[in-house]
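Visitor: Could you take me through one part of this structure at close range? I would like to see how the pieces there fit together.

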Amino acid sequence: MMTSPHTCPQCGTELPADAPDGVCPTCLVQQGFDSHTAAANLASGTTGLASGPGFVAPSPDELSGRFPQFDIIELVGQGGMGAVYKARQPTLDRVVALKILPPEVGHDPAFAERFKREARALAMLSHPSIVTVYDSGETDGLYYFAMEFVDGTNLRQTIVQGGLTPPEALAIVPQICDALQAAHDEGVVHRDIKPENVLIDKRGRVKITDFGLAKLLGTDTDDTAIGKPFTLTDTRQVMGTAHYMAPEQIQSSSGVDHRADIYSLGVVFYEMLTGELPIGRFEPPSSKVRIDVRLDDVVLRSLASAPDRRYQHASDVKTEVETILNDDPEHRPPVPNTPNLRPSARDRLKAPAVGLVVASAVDVVATLGILLFSLRISAVASDALTIRTLIFNAVGVASLTHGIVLALGAAKMFRLRSYPIAVGASVVAILPFGPGAAISLPFGIWALIVLLTGETRAAFAAGSGRDIS
Amino acid sequence: MVVEAGRRSSPQSADALATLCEIYWFPLYAYVRRQGQSTDDAQDLTQAFFAHLLDKQTLRVADRERGHFRSFLLTSLKHFLAKQWRRDAAQKRGGGRAPIALDFDDGETRYRIAPSHESTPEKLFERQWALTLLARALATLHREFEASGKAARFVSLKMYLGGEKSRVPYRELAGQLDTSEGAVKVAIHRMRRRYRAILRDEIRHTVDAAEDVDDELRRLFDALTP
């Protein structure tokens with residue numbers, strides 16, 4: 001490992017002159033993540049063509065001594081978690097991608113066992129859209145995989161170099177779904193779906209690489225005791241991966257299942273369509289590009305923060321996408337300049353929500369009237385009227401509550417948050433608890449109709465999720 | 001603290017705001033400098049901006065939705081500069097009495113040290129913000145070590161804060177500190193854990209909700225990556 005005084009021994013980047021206390025600032029930020037698990041998961045940035053310094057890859061010459069069975073041709077990519085070489089296997093006369101893991105992985109005594117186990121699972125995966133693992137093992141303390149060599153590019157490069165048209169993106173998604181479904185059927189979760197790991201060969205076929213590598217290289221498994229020095233987390237590089245991780249995966253990687261991949265797929269899907277990441281309060285894809293608005297539902301449902309609200313199978317995503325495409329014979333884009341044929345859930349909820357606000361205002365005003373009146377009569381007359389006063393007060397309280405609930409529900413609808421409250425408030429709107437009910441009844445029904453559509457539910461699910469900025 | 005700073009002019013809110021400004025003034029100053037202002041003008045403008053902020057209780061109108069104090073400050077500064085507050089205006093509002101103590105000499109040195117390759121003032125601002133935050137977290141940690149009489153230990157161990165690898169192997173370090181390798185590892189682990197808590201706490205002051213801390217960390221990371 002190269003450690004000149006001006007580079008960070010940790011990540012290999014140049015230390016800036018203003019590094020706080022002489023410690024590498026990027027590494028310091030990375031330490032801030034709550035669990036090392038999350039940070040490790042963020043990192044698994046080696047893909048065929050990942051970028052980033054940190055792990056200094058041996059030259060092909062250095063390597064050829066260790067791998068007599070291969071002719072190492074060239075280094076094709078390296079990242080914090082390994083390096084990939086193009087090599088030829090003369091005995092079979094085929095070109096392979098040789099991926100070597102950083103030597104540090106060997107320092108963990110439990111790694112060998114884990115590697116063996118995972119490698120066996122990966123070798124079982126056989127699917128046209130999954131990069132095939134031919135061989136794996138350890139030589140001289142260096143762990144490696146020999147894999148199918150994909151001559152082409154990756155999705156990241158494609159996105160960077162001018163992006164994809166929606167039809168191109170829509171042709172890629174079902175292939176990713178196929179690959180994921182095949183792996184999930186074998187019990188393998190990718191854990192690191194991102195554009196760098198989606199390779200595209202020269203014929204446009206999709207090949208997913210690095211299945212399970214995140215788990216293998218992460219410290220998330222039970223094999224690593226807490227408090228032990230972290231061998232791998234410290235090689236972490238590619239923080240950007242975090243954007244593709246499901247919320248539950250960021251929290252803790254134990255107990256993460258295949259639905260985490262579906263979330264990541266949703267992020268990739270969104271990025272392919274819009275060129276942006278779905279961070280913060282993001283807009284549905286159809287408001288950015290001309291696509292069938294029903295695709296919004298597919299993307300948003302994949303991105304639901306609760307795994308239960310996502311698609312439960314990758315194949316379901318594929319089915320939905322294909323149904324929408326088939327329904328729409330030429331994938332016909334909407335008329336130019338009218339990007340949205342159907343208004344978004346937020347827009348459709350706006351009118352009923354405004355109605356509820358008006359009804360709420362009527363309730364509040366009426367309550368004030370009733371209370372004033374009640375005060376006056378109780379001032380004028382005395383005990384004979386107590387019962388009447390009580391009734392007035394009860395009506396006043398009911399009316400005020402009605403009004404407050406309506407206002408709260410409307411607020412939730414505007415913000416697409418707290419779905420149960422929005423639905424509850426709509427139900428209350430229908431009940432005759434206050435003078436405002438005359439107005440709120442129709443709007444409550446209207447709101448319920450909109451709220452109960454799948455699209456709106458998905459919008460709420462996404463809205464209550466990663467809404468941060 | 002952001003939440004506190006946003007409350008209607010209570011004494012705490014003014015204090016909270018002043019505290020935040022004292023912490024994060026340098027990124028703003030660097031931004032103004034990168035906008036092409038001279039040292040003097042940048043100092044006046046920064047000071048005047050804070051005076052404006054504290055006077056007007058602008059924080060009150062901070063859009064709670066946005067959550068991030070960092071973006072709020074930058075946006076406010078941009079608005080402020082757009083109004084073209086000239087130097088005399090700055091004198092009038094802020095020059096007379098300095099609302100908070102800012103060490104501009106130090107600031108100018110730091111500004112000159114900062115790499116000049118960052119293309120935009122915004123990027124510079126964000127990077128400086130991240131560095132300020134980190135430096136503050138480190139300083140707090142340092143103080144804690146000092147308070148427990150372990151200042152020297154902090155100096156030896158801090159290079160491991162960023163991660164495992166370092167130019168000095170554990171064994172050598174253990175020799176220097178006259179302790180065992182295992183003890184060094186434990187000490188480093190504890191120090192990192194404490195540092196993480198401090199850093200997250202520091203960030204927590206600048207965002208609305210605890211859930212936003214990870215997101216802000218990611219943004220800081222992006223800001224530091226060229």
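Guide: Happily! Let's begin with A:Phe414, keeping in mind that this is a predicted model. A:Phe414 has a relative accessibility of 32%, so it counts as partly exposed, since that class lies between under 20% for buried and over 50% for exposed. The residue sits in helix α13 of chain A, which covers residues 386-415. On the surface, A:Phe414 joins A:Val354, A:Val357 and A:Val358 in a nonpolar patch, and together the four present about 290 Å² of accessible area. The most is given to this patch by helix α12 of chain A (residues 345-380), with 3 residues.

For context, let's turn to chain B, where two helices pack against each other. Helix α10 (residues 181-204) of chain B and helix α11 (residues 212-224) of chain B have axes 10 Å apart and an angle of about 95 degrees between them. The two are therefore roughly perpendicular, α10(B) to α11(B). From α10(B), the residues B:Leu199, B:Arg200, B:Ile203 and B:Arg204 make the contact. Across from them in α11(B) are B:Val213, B:Asp214, B:Glu216, B:Leu217 and B:Leu220.

These two helices belong to a chain with 11 helices and 0 strands. Of the 226 residues in chain B, 52% are buried. Among chain B contacts with a separation of 6 or more, 69% link residues 24 or more positions apart. Chain B exposes about 10,500 Å², and carbon and sulfur atoms supply 48% of that area.

Key
Residues are numbered from 1 along each chain as its sequence is written. Chains are lettered from A and ligands numbered from 1 in the order in which they are written. This is a predicted model: local features need pLDDT of at least 70, side-chain atom pairs count only at pLDDT 80 or more; totals for chains, interfaces and linings use all residues. Side-chain values use heavy atoms; hydrogens and water are left out. Patches are made of residues with over 30% relative accessible area and no salt bridge: like charges are joined within 9 Å, nonpolar side chains (Val, Leu, Ile, Met, Phe, Trp, Tyr) within 5 Å. Accessible areas come from the Shrake-Rupley method with a 1.4 Å probe; for residues, only the protein chains shown count as cover. A salt bridge is a side-chain nitrogen of Lys or Arg within 4 Å of a carboxyl oxygen of Asp or Glu. Helices (H or I, at least four residues) and strands (E, at least two) are DSSP runs, numbered from the N terminus. Buried means under 20% relative accessible area, exposed over 50%, partly exposed in between (1.4 Å probe, protein chains only). Axes are lines fitted to C-alpha atoms, for helices over the stretch in contact, and angles run from 0 to 180 degrees between N-to-C directions. Angles under 35 degrees count as roughly parallel, over 145 as roughly antiparallel, 65 to 115 as roughly perpendicular and the rest as oblique. Contact means heavy atoms within 4.5 Å.
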